[in-house]
Amino acid sequence: MEIAMMRHACLLMAAALLAACAATPGPMPEQDLAGPATVRVLRDGDVWTADYVLDRDAPAWLFTDSALTRVDNQPWRPRAFTVETPGVRIERRGWHDVLVGEDGVPVPRRVRIRFEPFSGNLLAAYDPALTFTDGSVALYSDQFDMRPLANAADADALPMDLNGVELDGEVVRALFRDQAGPVLMNGERRAEAERPEAPTYVLFGDVPVDETAHLAAVFDPELPAWIETELSAFTPRVMSHYADRLGAGQSPGRP
């Protein structure tokens with residue numbers, strides 16, 4: 001039941017999708033080194049990269065989303081992320097993945113990570129990626145968030161659940177772009193999408209949006225038709241059920 005509910009939540013988070021476009025962004029200017037920590041996630045064909053521009057010198061950066069895999073209870077990030085910047089590595093400290101500089105030196109302000117979208121199921125966490133049979137991929141936005149640490153060993157004392165824990169720094173500004181065309185996030189297609197305040201999925205690919213009066217959703221092209229029919233009918237009913245009992249939701253528009 002827990003697995004089914006988590007995967008259903010993943011599908012719903014990836015589902016609220018409509019169309020609009022924005023201009024293609026230019027390269028990150030040098031002065032952005034003085035701005036907030038930023039990561040630009042890019043798909044270029046089969047190559048996925050995450051380019052970080054960090055806002056301070058720190059010997060370690062904590063990945064705030066570091067759940068273990070359900071199948072073998074192991075960290076997923078070391079098998080999916082490859083740090084291409086020399087002198088930097090990912091290591092596991094306590095419950096968390098940490099980006100560290102070798103020999104205790106600060107992590108460089110610019111770091112490139114090459115990664116493969118990881119679609120394995122995690123323990124009590126959203127899947128890092130949802131993969132579609134047509135090649136489309138939805139990435140979970142918060143997997144790229146990091147916070148600076150005074151030293152890597154500080155991660156050893158942190159609890160598994162970071163809710164309510166005071167961390168240095170701010171949420172990393174995350175930008176998502178696909179060389180093949182606009183990405184889809186929170187109901188809009190954009191040449192470059194910026195992670196909103198609430199975590200969500202960012203869809204790379206041309207899988208169509210199925211719109212009804214009550215729901216805007218993306219379904220895998222190879223799913224049996226009855227699943228799409230059932231979800232399209234069930235979702236409005238369950239939303240109405242809770243609205244009748246708890247009042248109208250705070251999010252406007254269709255799920």
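Reader: How much space lies in the second largest pocket?

Author: Keep in mind that this is a predicted model. The second largest pocket is lined by 25 residues. The space in that pocket comes to about 700 Å³.

Reader: Which residues of that lining lie nearest the centre of the second largest pocket?

Author: By class, the lining of this pocket splits into 13 nonpolar, 5 polar and 7 charged residues. Out of the 25 lining residues, the ones nearest the centre are Thr64, Asp65, Met160, Asp161 and Leu162.

Reader: Let's turn to closed spaces. How many cavities of 30 Å³ or more are there?

Author: Rolling a probe the size of a water molecule over the atoms shows where empty space is left. The largest cavity has a volume of about 60 Å³, and the second largest holds about 30 Å³. With 30 Å³ as the cut-off, the count is 2 cavities.

Reader: Which strand gives the largest share of the lining of the largest cavity?

Author: Among the residues lining the largest cavity are Trp61, Met146, Arg147 and Pro148. The lining as a whole has 7 nonpolar, 1 polar and 3 charged residues. The largest share is 3 residues, and they come from E10.

Reader: And which residues line the second largest cavity?

Author: This lining has 4 nonpolar residues, 1 polar one and 3 charged ones. Val171 and Val172 are in it, and they also belong to the lining of the largest cavity. The full list for the second largest cavity is Ser141, Asp142, Phe144, Asp145, Val171, Val172, Ala174 and Arg195.

Reader: E10 came up just now. In what order do the strands of the open sheet of 4 strands stand?

Author: Strand E5 (88-93) and strand E10 (146-149) are the edges, so each has a single partner strand and one side without a neighbour in the sheet. The twist averages 30° from one strand to the next. Pairing is antiparallel, and the order reads E5-E6-E3-E10.

Reader: What is the bridge partner of leucine 62 in E6?

Author: Strand E3 takes in residues 60-63, and strand E6 takes in residues 96-101. These two strands run antiparallel and are joined by 3 bridges. In E6, the partner of leucine 62 is valine 98.

Reader: Now the open sheet of 6 strands. Which are its edge strands?

Author: The order here is E4-E7-E2-E1-E11-E14, with mixed pairing. An edge strand in this sheet pairs on one side only. That description fits strand E4 (81-83) and strand E14 (192-194).

Reader: What is the average twist from one strand to the next in that sheet?

Author: We are still with the open sheet of 6 strands, where pairing is mixed. From one strand to the next, the twist averages 20°.

Reader: Which residue in E11 stands opposite valine 39?

Author: Strand E1 (residues 38-44) and strand E11 (residues 173-178) run parallel, with 6 bridges joining them. Opposite valine 39 in E11 stands alanine 174.

Reader: Is asparagine 121 buried or exposed?

Author: Asparagine 121 sits in the loop between strand E7 (110-115) and strand E8 (129-131). Its relative accessible area is 12%. Buried means under 20%, so asparagine 121 counts as buried.

Reader: Which side chains does the side chain of asparagine 121 make polar contacts with?

Author: One of these contacts has a distance of 2.7 Å, and arginine 70 is the partner. Another is at 3.1 Å, with aspartate 127. The side chains you asked for are those of arginine 70 and aspartate 127.

Reader: Is alanine 124 buried or exposed?

Author: Alanine 124 lies in the loop between E7 and E8. It has a positive phi of about 50° although it is not a glycine. Its relative accessibility is 62%, and the cut-off is over 50%, so alanine 124 is exposed.

Reader: What about asparagine 186: how does it count at 47% relative accessibility?

Author: Asparagine 186 lies in the loop between E12 and strand E13 (188-190), and it has a positive phi of about 50° although it is not a glycine. A value of 47% falls between the 20% and 50% cut-offs, so asparagine 186 is partly exposed.

Reader: What is the relative accessible area of leucine 184?

Author: Leucine 184 is found in strand E12 (residues 183-185). Its C-alpha atom is separated by 9.9 Å from that of valine 209, 25 residues apart along the chain. Leucine 184 is buried, and its relative accessible area is 0%.

Note on methods:
Residues numbered from 1 in each chain as written. Predicted model: local features only at pLDDT ≥ 70, side-chain atom pairs only at ≥ 80, totals over all residues. Heavy atoms only, no water. Pairing = 2+ DSSP bridges. Axes fitted to C-alpha atoms, helices over the stretch in contact; angles between N-to-C directions. Buried < 20%, exposed > 50% of the residue type's maximum accessible area, 1.4 Å probe, protein only. Polar contact = N/O pair within 3.5 Å; in protein donor to acceptor, adjacent residues only side chain to side chain. 1 Å grid on protein atoms, 1.4 Å probe; cavity = no way out; pocket = protein on both sides within 12 Å on 5 of 7 lines; lining within 4 Å. Points joined across faces, edges and corners; volume = space filled by probe spheres on them. Nonpolar A, V, L, I, M, F, W, Y, C, P; charged D, E, K, R; others polar.
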